[in-house]
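Subject: Structure handover

Hi,

Here is the structure I said I would pass on. Have a look at it first, then read my notes underneath.

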Amino acid sequence: MPPKPVLNIYTDGACSGNPGPGGWGAYLEYGDGEDGSKKITKEIFGYSHETTNNQMEIVAAIEALKILKKPCTVNLYTDSKYLQLGITKWIHNWRRNNWLKSDNKPVKNAQLWQKLEEEIALHVIIWHWVKGHSDNYGNIIADRLAVKGREMARWEKINVVHR
């Protein structure tokens with residue numbers, strides 16, 4: 001069986017108000033170009049008119065994984081501890097407790113966590129936390145894309161209100 005392709009995905013979310021207009025962004029890269037092959041990159045982003053920063057962080061990961069055409073090994077970089085710890089640690093208890101937290105309150109964003117679980121099932125994911133707004137080039141690109149999405153959501157919201 002041939003090895004799975006290895007790629008890096010950098011994700012980020014942005015929100016104006018919490019909740020409020022928000023955006024998500026992801027930067028994907030495959031190959032490093034060192035072996036003479038071409039480094040392939042892709043930038044994607046989107047938005048929601050009424051959302052939270054945490055929701056946009058999860059959506060960025062979901063959307064990035066959805067575009068992969070075959071099972072891969074993915075280094076997924078996020079500056080969100082909520083996303084990283086939610087999917088690697090907390091989700092096991094949430095699922096076991098029928099999507100209730102230890103205080104018997106519903107898990108926030110349960111549907112998004114479930115969608116993310118579906119997407120990661122196809123791949124080997126290695127989760128990496130990076131400090132946001134630092135010098136990590138992939139995170140900088142993902143942040144720029146998330147802000148672009150957020151600004152599109154804000155612009156549309158303003159235009160809808162003023163029509």
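Below is what I found, going from the sheet to the helices, the pocket and a few local details.

First, a caveat: this is a predicted model, so please read everything here in that light.

**The sheet**

The strands form an open sheet of five, ordered β3-β2-β1-β4-β5, and the pairing is mixed. At the edges sit β3 and β5 (124–129), each of which pairs on one side only. From one strand to the next, the twist averages 20 degrees.

Going through the pairs, β1 and β2 are antiparallel and share nine bridges. If you want landmarks there, C15 has G22 of β2 as its bridge partner, and L7 is partnered with Y30 in β2. Next along, β2 and β3 are also joined in the antiparallel sense, over 10 bridges, with L28 opposite K42 in β3.

The parallel part of the mix shows up between β1 (residues 6–15) and β4 (residues 73–78), which are joined by six bridges. In that pairing V6 faces T73 of β4, and Y10 stands opposite Y77, again in β4.

How much of β1 and β2 is buried? For β1, nine of the 10 residues are, so the strand is largely enclosed by the rest of the structure. For β2, 10 of the 11 residues are buried, so this strand too is largely enclosed by what surrounds it.

**The helices**

Helix α1 (residues 53–66) lies across β1, β2, β3, β4 and β5, and runs at about 150 degrees to β1. Helix α2 (residues 81–96) packs on the sheet as well, touching β1, β4 and β5, with its direction at about 140 degrees to that of β5.

Then there is α3, where the buried residues are A110, L112, W113, L116, E117, E119 and I120. Yes, two glutamates are on that list: E117 and E119. The buried residues of this helix pack against α1, α2 and β5.

**The pocket**

This is probably the part you will open up straight away. The largest pocket holds about 280 Å³ of space. It is lined by 13 residues, and those closest to its centre are L7, L28, Y30, I40 and L68. Two of these have already come up as a pair, since L7 and Y30 are bridge partners across β1 and β2. L28 is the residue that stands opposite K42 in β3.

Which elements give two or more residues to the lining? They are β2 (20–30) and β3 (40–51). By class, the lining has eight nonpolar residues, one polar and four charged.

**Backbone oddities**

Most peptide bonds are trans, and most residues other than glycine have a negative phi. Here are the places I would look at with that in mind.

- The N18 to P19 peptide bond is cis, with omega near 15 degrees. P19 is in the loop between β1 and β2.
- In the hairpin of β1 and β2, which has four residues between the strands, G17 has a positive phi near 85 degrees.
- N98 is not a glycine, yet its phi is positive, near 60 degrees. You will find N98 in the loop between α2 and α3 (110–120), and at 62% relative accessibility it counts as exposed.
- N104 also has a positive phi, near 65 degrees, and is likewise a residue other than glycine. N104 lies in the loop between α2 and α3, and with 59% relative accessibility it counts as exposed.

**One tryptophan to look at**

W129 lies in strand β5, one of the two edge strands. Is W129 buried, partly exposed or exposed? At 37% relative accessibility it counts as partly exposed, because that class runs between 20% and 50%. Leaving out residues up to four places away in sequence, W129 touches T78, D79, S80, K81 and Q84. The C-alpha atoms of W129 and L85 are separated by 9.4 Å, although the two residues are 44 apart along the chain.

That is everything I have for now. Shout if anything is unclear.

Cheers

Notes. Residues are numbered from 1 along each chain as its sequence is written. This is a predicted model: local features need pLDDT of at least 70, side-chain atom pairs count only at pLDDT 80 or more; totals for chains, interfaces and linings use all residues. Side-chain values use heavy atoms; hydrogens and water are left out. On a 1 Å grid over the protein atoms alone, a cavity is a set of points where a 1.4 Å probe fits but cannot get out, and a pocket is an open set with protein on both sides within 12 Å along at least five of seven lines; lining residues have an atom within 4 Å of a point. Grid points are joined across faces, edges and corners, and a volume is the space filled by probe spheres set on the points. Ala, Val, Leu, Ile, Met, Phe, Trp, Tyr, Cys and Pro count as nonpolar, Asp, Glu, Lys and Arg as charged, and the others, Gly among them, as polar. Two strands pair if DSSP finds at least two bridges between them. Axes are lines fitted to C-alpha atoms, for helices over the stretch in contact, and angles run from 0 to 180 degrees between N-to-C directions. Contact means heavy atoms within 4.5 Å. Buried means under 20% relative accessible area, exposed over 50%, partly exposed in between (1.4 Å probe, protein chains only).
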